[in-house]
4 protein chains.
Amino acid sequence: MNYCDIIERISYDILEKNDPGNVASYIPELAKINPDKYGVFIKPIDQEGCGVGSCHEKFSIQSISKVLLLAKSYGIHGELLWKRMGYEPSGDSFNSLVQLEYEKGIPRNPLINAGALVLCDILIDSLPKPKDDFLGFVRKLAVDDTISYNEKIAESEAKNGYTNSAIAYLIKSFGNLKNPVEEVLDFYFHVCAIEMSVETLATSFLFLANGGIVPKTKERILSLSKTKRINAIMQTCGFYDEAGEFAFKVGLPGKSGVGGGIVAVHPGIYSVAVWSPKLNKKGNSYKGMKLLEQLTSATDSSIF
Amino acid sequence: MNYCDIIERISYDILEKNDPGNVASYIPELAKINPDKYGVFIKPIDQEGCGVGSCHEKFSIQSISKVLLLAKSYGIHGELLWKRMGYEPSGDSFNSLVQLEYEKGIPRNPLINAGALVLCDILIDSLPKPKDDFLGFVRKLAVDDTISYNEKIAESEAKNGYTNSAIAYLIKSFGNLKNPVEEVLDFYFHVCAIEMSVETLATSFLFLANGGIVPKTKERILSLSKTKRINAIMQTCGFYDEAGEFAFKVGLPGKSGVGGGIVAVHPGIYSVAVWSPKLNKKGNSYKGMKLLEQLTSATDSSIF
Amino acid sequence: MNYCDIIERISYDILEKNDPGNVASYIPELAKINPDKYGVFIKPIDQEGCGVGSCHEKFSIQSISKVLLLAKSYGIHGELLWKRMGYEPSGDSFNSLVQLEYEKGIPRNPLINAGALVLCDILIDSLPKPKDDFLGFVRKLAVDDTISYNEKIAESEAKNGYTNSAIAYLIKSFGNLKNPVEEVLDFYFHVCAIEMSVETLATSFLFLANGGIVPKTKERILSLSKTKRINAIMQTCGFYDEAGEFAFKVGLPGKSGVGGGIVAVHPGIYSVAVWSPKLNKKGNSYKGMKLLEQLTSATDSSIF
Amino acid sequence: MNYCDIIERISYDILEKNDPGNVASYIPELAKINPDKYGVFIKPIDQEGCGVGSCHEKFSIQSISKVLLLAKSYGIHGELLWKRMGYEPSGDSFNSLVQLEYEKGIPRNPLINAGALVLCDILIDSLPKPKDDFLGFVRKLAVDDTISYNEKIAESEAKNGYTNSAIAYLIKSFGNLKNPVEEVLDFYFHVCAIEMSVETLATSFLFLANGGIVPKTKERILSLSKTKRINAIMQTCGFYDEAGEFAFKVGLPGKSGVGGGIVAVHPGIYSVAVWSPKLNKKGNSYKGMKLLEQLTSATDSSIF
């Protein structure tokens with residue numbers, strides 16, 4: 001299949017249309033982004049990838065990092081992870097405290113903020129130098145040593161992260177964070193502030209399409225079974241209260257971030273990343289959703 | 001792949017083990033079932049199917065009917081359906097009224113009781129003889145004219161269906177049922193009381209694995225796109241608050257019923273149905289879950 | 001204190017002002033009322049009462065009946081009542097199912113719909129002829145044999161009472177209704193459809209201001225302790241999610257109905273009833289609230 | 001009425017009985033208290049007061065301070081206060097985040113933790129030296145210059161106050177705290193750590209029984225109307241999800257603290273404070289509840 005032609009044609013369509021979305025405004029540093037940025041990159045396992053638009057420009061991947069946090073923690077701790085969180089869809093928005101209180105500090109799944117905070121707590125306990133080590137892990141996945149944290153964005157999030165602080169303190173009150181809340185939040189805000197281009201992002205998720213192995217380096221990151229399970233979690237939990245919408249319209253496991261990025265994986269075939277900062281009402285990139293919907297239609301590549 | 005050998009071997013393993021589950025007791029007529037019944041049938045698109053155990057004995061498919069209700073209504077009304085319900089996972093148990101009240105009588109998805117009741121209301125408006133016509137539809141999918149309602153079970157459900165009555169009246173209070181509550185409930189209780197064997201059940205779901213076409217008769221039931229969407233909904237919403245668990249461990253779109261049946265679909269490849277009346281704490285067949293988990297591991301056939 | 005002068009003066013003020021409220025529309029028969037009706041009657045324990053406006057015209061007392069249901073049931077069963085319901089404020093609107101589901105069919109208090117339905121169930125078990133006997137009880141309190149049910153309104157409520165049906169079936173599903181739901185609802189809808197004038201209403205509540213004894217007949221209805229407890233429940237639970245507002249601004253135990261009536265009790269001193277059909281956003285009579293607020297200010301008669 | 005005889009007799013009864021309660025353990029410094037401490041003091045407006053047990057020993061008044069915070073803020077800001085919080089019972093436990101999230105950071109009432117945190121925020125903006133000035137206010141009410149904060153307890157609360165931190169950050173995320181969360185929490189933890197004896201506590205609440213005037217100094221603290229409103233709020237909101245229980249069994253406006261103190265007010269007549277550290281399941285002093293229940297029965301002094 002000629003993916004290059006397809007994403008070019010779809011991008012052409014999408015860029016012509018009006019985008020009713022809005023750039024995320026709750027983090028001042030993120031709000032500064034040019035709202036018209038657009039980039040997409042598709043990376044088949046066994047072919048060269050190809051991209052359209054600003055596909056080498058770095059942006060803040062935000063919640064997409066949660067999948068990478070999960071991959072790292074799951075690799076280290078295996079099924080023990082599920083003593084500290086579940087893997088059920090939440091049916092609620094990404095930062096709700098309601099469910100967390102009813103369920104006594106056990107996050108519904110690793111891909112909501114509460115779950116990612118617990119993953120950060122776990123990695124602080126497991127990694128000698130959490131920030132450095134985690135960055136090293138991401139660089140290895142992407143086969144790219146230039147990936148780094150954007151300190152300005154991390155700081156901006158810390159200054160305005162009242163809801164995340166509330167979530168972290170609530171988890172702490174139930175005893176499900178071992179480390180000091182400030183330390184967990186600092187790590188979390190950094191992880192959210194990782195910057196990648198759509199090209200590196202697609203590349204870093206390719207191991208999830210390839211049974212757990214980074215195709216370029218042949219390094220096994222996770223077992224086949226764990227890889228499938230992460231894909232399953234992305235499918236059911238990757239889009240907060242729009243998980244059903246994404247499964248319904250796109251039909252691939254994926255994850256979005258408020259920076260306007262979305263990444264999706266077609267197991268056995270390809271990974272794809274798209275970036276467009278304007279978000280729909282549910283907080284997912286408006287054009288990103290459209291692109292992926294049309295991509296899976298055009299290539300008949302939904303997993304369903 | 002020799003599916004027959006595989007399901008025989010797995011069944012042998014599973015039948016040896018202790019089953020901590022319990023038969024559903026809230027419908028007296030269902031509670032009378034022999035708890036040790038066991039049957040499984042797998043039906044590849046392009047091969048003969050094969051089964052193990054009581055695979056020709058009929059049982060009450062219960063909530064599995066919801067998928068068939070959805071297929072029938074979706075075929076008639078298309079995307080208009082989503083004005084009356086959503087397609088997001090509920091994150092709650094199958095009969096919760098909480099979410100329904102907060103969301104003003106719009107069910108989260110078609111596979112919870114509230115959603116199925118609205119589907120019944122829609123079909124009452126669309127079909128000249130709802131009960132007969134719906135049964136005709138199911139017989140066509142299964143290519144089996146002996147499928148029918150179990151009137152005793154329908155009656156038993158009606159007598160004890162207080163929660164479903166509460167749900168129906170709540171939806172009615174928000175104006176999302178057009179027909180009299182009693183009529184909707186009567187149709188609903190009948191639909192739940194359809195009886196099939198695992199063989200007919202697997203056969204009747206095969207069109208969902210085959211892009212919307214019944215393989216044997218070549219009849220198109222739904223478009224490819226609608227078929228995929230139903231599979232996506234099964235994936236994210238088919239197991240109530242255990243949807244994540246099923247995606248995680250089995251990795252196929254599927255649907256369970258309190259009668260102890262589970263059906264799952266591997267798009268492009270096969271459908272499979274299993275029956276074992278003892279349920280786990282979440283209300284899904286204990287052995288059925290185990291069988292499917294081992295089946296997808298052994299055949300490496302999860303969609304992820 | 002010259003109560004007559006005071007209520008005349010306040011009524012004069014209130015009737016001059018604009019009333020932004022709306023007549024309850026969900027029961028068609030209630031919506032037919034002339035929205036400008038107004039009547040108030042105050043009945044001191046040891047003086048003649050006096051009234052202003054249409055104080056002899058009967059209207060539908062609706063939820064005010066719940067206090068009378070409570071008085072009757074509490075007199076028969078005493079503290080056993082609290083095995084079937086609580087006496088805590090609900091913090092929610094009068095017809096919410098959310099709390100009821102979380103709390104497994106045990107209503108928060110007797111003055112929300114759920115609680116009153118359980119009271120009806122209890123009285124069906126306790127009274128030989130529930131409707132007649134309950135009416136007899138109310139007539140005795142009011143010393144007025146003309147009080148009766150408005151069958152048209154009872155019927156209108158039954159036809160449109162979907163939310164109440166949902167609540168009743170939900171309670172039934174938890175086993176906290178013993179009698180058939182239809183029978184309980186029929187009794188409940190009749191009880192809501194009792195008609196009284198503000199004069200008879202004030203008179204019928206006077207025993208609550210008088211330690212449990214009907215002043216005119218000297219008949220003891222309830223012990224002093226039970227009487228105080230009913231007043232306490234009216235104070236904390238009598239106005240749904242506006243209970244705090246009423247305590248704050250009026251400062252008396254009281255109860256409102258969607259027919260536009262409100263009754264309040266100043267223990268040891270008087271009872272007062274007011275009727276004006278236009279309701280504020282919380283479902284309580286707009287002018288009734290104003291009248292009582294000004295009455296307790298003018299007479300310095302709040303219990304606080 | 002000879003209150004001294006009455007509280008002596010009741011105390012004698014209560015001290016003989018088994019106390020199934022438990023000392024609050026979530027603040028280590030509070031858990032160190034001798035669980036068998038007991039003191040009660042009743043202060044009529046126009047008589048000398050009298051006490052039983054350790055009535056001059058200071059203890060941590062904890063949440064009782066919330067009423068004093070309210071009195072101070074209400075005196076300064078009047079009805080503007082209600083733009084930042086409500087005055088409805090919450091129907092939930094004192095530290096729930098659920099309602100706060102649904103209601104967008106506007107606390108239900110001033111006597112739950114969320115409300116008191118907003119009061120602290122308001123006083124930080126209104127008082128030149130918040131801690132000193134508030135202490136001065138309390139000393140004035142109690143006519144006692146020795147009242148002070150227990151720094152050790154304030155510190156212990158700060159170290160373990162994860163739930164309060166979560167609540168404060170959640171309110172902040174909705175914009176309903178103006179000052180830095182740390183500053184608000186520090187003030188709040190100090191206010192909770194005020195120490196008084198039952199004698200000073202009863203004395204400091206006597207202005208609420210006396211129409212807003214401190215009897216001894218004749219100083220007017222609040223208008224009559226504001227005083228009544230605070231009493232009404234105590235009545236409906238003073239005991240979290242046991243507010244109905246207290247109204248039902250005691251029948252006076254009051255407030256409890258996890259330190260084991262309870263204070264109650266009989267408008268126009270007396271105030272009373274009791275201290276016994278073992279708490280019932282709802283977090284209110286077990287013996288304190290008993291004492292007050294028997295006191296209002298014996299003196300026939302409920303407001304209902």
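Analyst: Two residues are in contact if their C-beta atoms, placed from the backbone, lie within 7 Å. By that test, chain D and chain A each bring 12 residues to the contact between them. This is a predicted model, in which local features need pLDDT of at least 70, side-chain atom pairs count only at pLDDT 80 or more, and totals for chains, interfaces and linings use all residues. Residues are numbered from 1 along each chain as its sequence is written, while chains are lettered from A and ligands numbered from 1 in the order in which they are written.

User: Which elements of chain D give two or more residues to the side that touches chain A?

Analyst: They are α4 (98-102) and α8 (162-173) of chain D. The biggest contribution, 8 residues, is from α8(D). These labels come from DSSP runs, numbered from the N terminus: H or I over at least four residues for a helix, E over at least two for a strand.

User: What makes a residue on that side nonpolar, polar or charged?

Analyst: Ala, Val, Leu, Ile, Met, Phe, Trp, Tyr, Cys and Pro count as nonpolar, Asp, Glu, Lys and Arg as charged, and the others, Gly among them, as polar. Sorted this way, the side of chain D that touches chain A has 6 nonpolar, 4 polar and 2 charged residues.

User: Why is the relation of chain D to chain A called a two-fold axis?

Analyst: Two copies of a chain are related by a rotation about an axis and a shift along it. Here chain D is superposed on chain A by a rotation of 180 degrees with 0.0 Å of shift along its axis, and the RMSD is 0.0 Å. That is what a two-fold axis does, hence the name. The fit is by least squares on the C-alpha atoms of residues with pLDDT of at least 70 in both copies. A166(D) is the residue of chain D that comes closest to the axis, with its C-alpha at 1.9 Å. The contact also uses the same surface in both copies, as 100% of the contact residues of chain D recur in chain A.

User: And chain B, what rotation superposes it on chain A?

Analyst: A rotation of 180 degrees does it, with 0.0 Å of shift along its axis and an RMSD of 0.0 Å. The C-alpha of chain B nearest that axis belongs to G91(B), at 2.4 Å.

User: Why can we say that chains B and A meet through the same surface?

Analyst: Because 100% of the interface residues of chain B are also interface residues in chain A. Each of these two chains gives 28 residues to the contact. On the side of chain B, α12 (224-237) and α13 (243-249) each supply at least two residues, and α12(B) has the largest share with 8. By class, that side holds 12 nonpolar, 10 polar and 6 charged residues.

User: How far apart are the nearest C-alpha atoms of chains A and C?

Analyst: They are 11 Å apart, and the two chains do not touch. Chains B and D do not touch either, with their nearest C-alpha atoms 11 Å apart.

User: Why is α8(C) called oblique to α9(C)?

Analyst: The axes of α8 (162-173) and α9 (181-192) of chain C come within 10 Å and cross at roughly 135 degrees. Axes are lines fitted to C-alpha atoms, for helices over the stretch in contact, and angles run from 0 to 180 degrees between N-to-C directions. Angles under 35 degrees count as roughly parallel, over 145 as roughly antiparallel, 65 to 115 as roughly perpendicular and the rest as oblique. The angle of this pair falls in the rest, so α8(C) is oblique to α9(C). In α8(C), N164(C), S165(C), A168(C), Y169(C) and K172(C) meet V181(C), V184(C), L185(C) and Y188(C) of α9(C). Those residues divide into 6 nonpolar, 2 polar and 1 charged.

User: Why are β3(B) and β7(B) edge strands of their sheet?

Analyst: The open sheet of chain B has 5 strands in the order β3-β2-β9-β8-β7, with antiparallel pairing. Two strands pair if DSSP finds at least two bridges between them; β7(B) and β8(B) are joined by 3. One bridge links S256(B) to I262(B) in β8(B). β3 (50-53) and β7 (254-256) each have a single partner strand, so one side of each has no neighbour in the sheet.
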